[in-house]
Amino acid sequence: MDERRLKYSNDHQTRSKMNPCFPVPLILLTLILQLCREGSGYCTEAVQSMVKVKFCPTTKQEWETAAKRKNCDKIATQQTCSDPEDFVYHCVINGFQNETLEVCAPQKLETGRCMEFNVGGGVIQSHSHAPCDKENFPNCTEVYRSSVAYNYQGCYEIVYSNRMSTSEKPKQENGKIIPAVLISVAIAVCAVIVIAVFIIWRRHKARTCEDRNGDTSKDPEEQMNLIPGTGDKDQGT
């Protein structure tokens, strides 16, 4: 009995040395993360194709022009996120409602919300804080494809309005700064004018004084000769 136990123990230790279990959790973790990403729709090619734009297309023609420029067909056959025909051009808002994004991604069927591109999740999805409203803002239908988001400009207006609100503060600050600058410039101009007038006045006064000093510095005889008739009388006497 003891010999069997000893043999079992030795065999178990030998198998443990030959097949270490330490790397197993890392391998399992990697596989789990990969499966989670695939299950959630994470698309690496979509994230790599994403760019920020100021505005999204407003018409079908503009959408097609932008799609042609983006050329999602080039990577559609190389990506593994969806069928090539479903990997198309999109222009949607981001999750923070402060950017509009162009991206090549699998198109989705949306129900009752604006579309967004989740950068962290690498997927086109519904925006939880932007529900559609048939009458109010943002206006969009209950069901639509992400590839026709240009029909629902109200979703883009969320971003545009947020941009306007964030840009108002600098404008207000500039409004306070501009009058102060104008006042400073006006004061400087007035000071220059006053100094120029003062300098001209001083020069004019200096010239006048020089002329007067020149007249008083002449000899009395010369001054008498300048008086009409004085010189002739002296000569006659």
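**Close-ups of a predicted model: sheet, helix 4 and turns**

**View 1. Strand 2 meets strand 5.** Strand 2 and strand 5 (residues 113-118) run parallel, and two bridges join them. One spot to look at is Asn94, which sits opposite Phe117 in strand 5. Keep in mind that this is a predicted model.

**View 2. The hairpin of strand 5 and strand 6.** Here the pairing is antiparallel, with five bridges joining strand 5 to strand 6. Pick out Arg113 and you'll find its bridge partner in strand 6, Pro131. Four residues lie between the two strands of this hairpin, and Gly122 takes a positive phi near 60° there.

**View 3. The whole sheet.** Zoom out a bit and you have an open sheet of five strands, in the order 1-3-2-5-6, with mixed pairing. Which strands stand at the edges? Those are strand 1 (51-53) and strand 6 (123-131); each has a single partner strand, so one side of each is left without a neighbour in the sheet. On average, neighbouring strands of this sheet are turned by 50° against each other, ignoring direction.

**View 4. The strand 1 edge.** Strand 1 runs antiparallel to strand 3 (residues 100-106), and three bridges hold the pair in register on screen. Within this pair, Val51 stands opposite Glu102 of strand 3.

**View 5. Helix 4 on the sheet.** Helix 4 (residues 60-70) packs on the sheet and touches strand 1, strand 2 (87-94) and strand 3. Its direction makes about 110° with that of strand 2.

**View 6. Two sides of helix 4.** Which residues of helix 4 are buried? They are Trp63, Ala66 and Lys70. Seen down the axis of helix 4, these buried residues fall within an arc of 70°, so they line one face of the helix. That spacing fits the usual bookkeeping: an α-helix has 3.6 residues a turn, so residues three or four places apart point the same way. Flip to the face of helix 4 turned away from the buried side, and you get the exposed residues Gln61, Lys68 and Arg69.

**View 7. Asn71, just past helix 4.** Asn71 follows helix 4 and belongs to the loop between helix 4 and helix 5 (73-76). Its phi is near 55°, a positive value in a residue other than glycine. Is Asn71 buried, partly exposed or exposed? Its relative accessibility is 38%, so Asn71 counts as partly exposed.

**View 8. Gln97, between strand 2 and strand 3.** The loop between strand 2 and strand 3 holds another residue with a phi worth checking, Gln97. Gln97 is not a glycine, yet its phi is positive, at about 60°. At 16% relative accessibility, Gln97 falls under the 20% cut-off, so it counts as buried.

**View 9. Where the confidence drops.** For the chain, the mean pLDDT is 75, and 61% of the residues reach 70 or more. Over residues 33-39, pLDDT stays under 50, and the model has one contact for them beyond four places in sequence. Residues 169-180 also have pLDDT under 50 throughout. How many contacts beyond four places in sequence does the model have for residues 169-180? The count is zero.

Technical notes:
Residues numbered from 1 in each chain as written. Predicted model: local features only at pLDDT ≥ 70, side-chain atom pairs only at ≥ 80, totals over all residues. Heavy atoms only, no water. Pairing = 2+ DSSP bridges. Axes fitted to C-alpha atoms, helices over the stretch in contact; angles between N-to-C directions. Contact = heavy atoms within 4.5 Å. Buried < 20%, exposed > 50% of the residue type's maximum accessible area, 1.4 Å probe, protein only. Arc of directions from axis to C-beta. pLDDT = per-residue confidence, 0-100.
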